[in-house]
Amino acid sequence: MSQLPLGFRAAGLPRHDRPRPSRHGLAIFYSETPAAAAACFTTNVVKCVHIPIDQERLRHGKARVIMVNSGCANCCTGARGIREARKTIEWASKALHVPGKEILVASTGVIGDFMPMDLLSDEIPMLSKRLLDIAGTHYLSFHKAAEAIMTTDTVVKIAHASFKIAGREVRLWGCAKGAGMIHPDMTPTGKPHATMLAFLFTDLGAGAKALRPMLDAAVDMSFNRVTVDGDTSTNDSAFLLANGRSGVSLKTAGVGTKFQAALNEMCISLAKQMAKDGEGASKFLEIRVEGARSEADAQKMAMTVATSPLVKTAAYGEDSNWGRILAAMGRSGVHFDPSKADISFGPLCVFRRGAPTSVSAEKAREPLKAKEVTLRIQLHAGKAQGFYWTCDFTGQYVDINARYRT
């Protein structure tokens, strides 16, 4: 059975498929009918060109196309960057016979670089033709599109979900990219971080107004809880399109709860995939804070621990140095009593009520040898919980980012 929602097409040209070496890729996602559209964007004050362009189009609440270029962030490129982005929309509009106001764009790559217009002028019509052919409906085409948006990613990040109601199936499919410069902080408006991008599609029938808070909720418990290096990108964006081809409406009783659960599941899967593919990462880390006074306190502390270079390097070295975790907790800005706090590596409690336990350092290393590690903090101050997903820091992370442009 197909995992793809009805009425969507895709095509992609990954950089490794080009006749000559290139760091540029291009992907196009397409709905056969106008779809309700919602999005969340970075809260970074410095924003790439595509965000204000998309926000302008999203006021209409409808879209049919999302076009993504990788290798160039089109950020801080001035008036030229705006002109070039709008020109690519014109090319796509002509090739796909879709009004420009129904085309959204996204970019990822090096800040300050200009768009590869010589490539895009040929590739947008070529990919559009491929997309409109029968091949555009095949899973392989969606996989190619997911490959084409990668920059420093080492694996494709894809997720899907579905649910049934009254005998009808609603499908969701999504892909994302992100391995470095990952610490998303996204809202629907983008007001008050390589980049995190997510493209989510469903054949549910819904209006944009109803989709926005549902996407916001899913983003808040998935993408906004993952970090690789604590750097929030200028380009972070998550898009959701719903075209109604399943024949199921969000207005039908019981659909909203099922759709929100499926959307959350898909976004959480993509967020975890990003942390696992963090630049140079060898371990996936889940930081859980329990017994906090409020969820905000729990999240703030979890984030501080997750972004600590000392915690992340200790995880890489399988060093059971709980003191680094406690120090991060102490500078998180969350008031707590260290004499009441517990810290556990997996199932082993290594620090209890303000003092080290009898677990030896060698024994405490055992949970850190796994590819997926849970660091658990219990504050005994309340009932609130929070969590963050991250990865360890390795020498490869330094190498990748020291030579990102060379």
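This passage looks at two helix pairs and two cavities in a predicted model. Residues are numbered from 1 along each chain as its sequence is written, and side-chain values use heavy atoms, with hydrogens and water left out. Local features need pLDDT of at least 70 and side-chain atom pairs count only at pLDDT 80 or more, while totals for chains, interfaces and linings use all residues.

Start with the helices. Two packed helices are described by the angle between their axes and the distance between the axes. Helices here are DSSP runs (H or I, at least four residues), as are strands (E, at least two), numbered from the N terminus. Axes are lines fitted to C-alpha atoms, for helices over the stretch in contact, and angles run from 0 to 180 degrees between N-to-C directions.

Helix α2 and helix α3 (residues 117-132) pack at about 30 degrees, with axes 9 Å apart. That makes α2 roughly parallel to α3 (angles under 35 degrees count as roughly parallel, over 145 as roughly antiparallel, 65 to 115 as roughly perpendicular and the rest as oblique). The crossing of α2 and α3 is right-handed, meaning the near helix is turned clockwise from the far one by less than a right angle. On the α2 side, the contact (heavy atoms within 4.5 Å) includes W91 and A92, and on the α3 side I124 and P125 are among the residues met. By class, this contact has 10 nonpolar, three polar and two charged residues (Ala, Val, Leu, Ile, Met, Phe, Trp, Tyr, Cys and Pro count as nonpolar, Asp, Glu, Lys and Arg as charged, and the others, Gly among them, as polar).

Helices α5 (residues 208-220) and α6 (residues 255-276) pack at about 40 degrees, again with axes 9 Å apart. That makes α5 oblique to α6. Here too the crossing is right-handed. L211 and M214 of α5 are among the residues in contact, as are F259 and L263 of α6. Eight of the contact residues are nonpolar, three are polar and none is charged.

Now for the gaps. A cavity is a set of points, on a 1 Å grid over the protein atoms alone, where a 1.4 Å probe fits but cannot get out; lining residues have an atom within 4 Å of a point. Grid points are joined across faces, edges and corners, and a volume is the space filled by probe spheres set on the points.

The largest cavity holds about 90 Å³. Its lining has 13 residues, with N69, T88, V105, S107 and M115 nearest the centre. Strands and helix β3 (62-72), α2 (78-96) and β4 (103-110) each give two or more residues to this lining.

The second largest cavity has a volume of about 80 Å³. Among its lining residues are D319, R324 and F345. Helix α8 gives the largest share, three residues.

Technical notes:
On a 1 Å grid over the protein atoms alone, a cavity is a set of points where a 1.4 Å probe fits but cannot get out, and a pocket is an open set with protein on both sides within 12 Å along at least five of seven lines; lining residues have an atom within 4 Å of a point.
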